[in-house]
Amino acid sequence: MKKAINKIVFVDDDKIQHMINRKNLLRIKPDIELFFFENPFSALDWMDNNEADLLILDVNMPEMRGWDFLDELNQKGKFIEVKMLTSSMDPEDIEISMHYNQVSGFLIKPLKNEAMAEILGI
């Protein structure tokens, strides 16, 4: 049985996507806890002292690539299920993802309602 998703962390440099995703996810599941970070370093700091059920992580951000973010998390001993967020499916990213056990899939920007329902297990 799949674990319930009650707390999601988004790490993505796109503020507009944060607003859209917050609105749509809360419409689907009003009691979900959502945490949004534009800056990956702030997200890493937050994750030092907090837990979540799922991390939705942008592959390409100005400050740090998603893969570097995962390396940092692994070095800290933090293991969380991760969905990589991307605007284009690059075969190289799929290849890289094979090196990370916690990556359970890719999501294409912008997130569609079907993808959100799937994330939430609805």
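Asp-12, Asp-58 and Lys-109 are joined in a network of salt bridges. The structure is a predicted model, and it contains six salt bridges. This report treats three of these pairs, then two helices with a buried side, and finally a nonpolar surface patch.

**Salt bridges**

Within the network, Asp-12 pairs with Lys-109, and the closest N and O atoms of the two are 3.1 Å apart. Asp-12 belongs to the loop between β1 and α1, whereas Lys-109 belongs to the loop between β5 and α5, so this salt bridge ties together parts of the chain that are 97 residues apart in sequence. Asp-12 is buried, at 1% relative accessibility. Lys-109 is buried as well, with a relative accessible area of 17%.

A second pair consists of Asp-48 and Lys-76, whose side chains meet in a salt bridge at 2.8 Å, N to O. Asp-48 is in helix α2 and Lys-76 in the loop between α3 and β4 (82-86), and the pair links these distant parts of the chain, 28 residues apart. Asp-48 is partly exposed, with a relative accessible area of 34%, and Lys-76 also counts as partly exposed, at 36% relative accessibility.

Arg-65 and Asp-93 form another salt bridge, with 3.1 Å between the closest N and O atoms. Here the distant parts of the chain that are linked are helix α4, which holds Asp-93, and the loop between β3 and α3, which holds Arg-65; the two residues are 28 residues apart. Asp-93 is buried, with a relative accessible area of 4%, while Arg-65 is partly exposed at 31% relative accessibility.

The three pairs are listed below.

| Salt bridge | Closest N to O distance |
|---|---|
| Asp-12 and Lys-109 | 3.1 Å |
| Asp-48 and Lys-76 | 2.8 Å |
| Asp-93 and Arg-65 | 3.1 Å |

**Helix α2**

Helix α2 spans residues 40-49, and its buried residues are Pro-40, Ala-43, Leu-44, Trp-46 and Met-47. These residues lie on the same side of α2, because they cover an arc of only 165° around the axis. Asp-45 and Asn-49 are exposed on the other side of the helix. The cover over the buried residues of α2 includes β1, β2 (33-37) and α3 (66-75). At the start of α2, a side-chain oxygen of Asn-39 comes to within 2.6 Å of the backbone nitrogen of Phe-41.

**Helix α5**

In helix α5, which comprises residues 113-120, the buried residues include Met-116, Ala-117, Ile-119 and Leu-120. Their arc around the axis is only 155°, which puts them on the same side of α5. Glu-114 and Glu-118 are exposed on the face turned away from that buried side. Among the elements covering the buried residues of α5 are β1 (7-11), α1 (15-28), β3 (54-58) and β5 (103-108). Gly-121 follows the helix, and its phi is positive, near 75°.

**Nonpolar surface patch**

Met-89, Ile-94, Met-98 and Ile-108 form a nonpolar patch on the surface, and together they have about 360 Å² of accessible area. One of these residues, Ile-94, is located in helix α4 (residues 91-97). Ile-94 is partly exposed, at 32% relative accessible area. Helix α4 thus holds Ile-94 of the patch and also Asp-93 of the salt bridge with Arg-65.

Methods
Residues are numbered from 1 along each chain as its sequence is written. This is a predicted model: local features need pLDDT of at least 70, side-chain atom pairs count only at pLDDT 80 or more; totals for chains, interfaces and linings use all residues. Side-chain values use heavy atoms; hydrogens and water are left out. Patches are made of residues with over 30% relative accessible area and no salt bridge: like charges are joined within 9 Å, nonpolar side chains (Val, Leu, Ile, Met, Phe, Trp, Tyr) within 5 Å. Accessible areas come from the Shrake-Rupley method with a 1.4 Å probe; for residues, only the protein chains shown count as cover. A salt bridge is a side-chain nitrogen of Lys or Arg within 4 Å of a carboxyl oxygen of Asp or Glu. Helices (H or I, at least four residues) and strands (E, at least two) are DSSP runs, numbered from the N terminus. Buried means under 20% relative accessible area, exposed over 50%, partly exposed in between (1.4 Å probe, protein chains only). The arc is that of the directions from the helix axis to the C-beta atoms. Contact means heavy atoms within 4.5 Å. A polar contact is a pair of N or O atoms within 3.5 Å; within protein, one must be able to donate a hydrogen and the other to accept it, and residues adjacent in sequence count only if both atoms are side-chain atoms.
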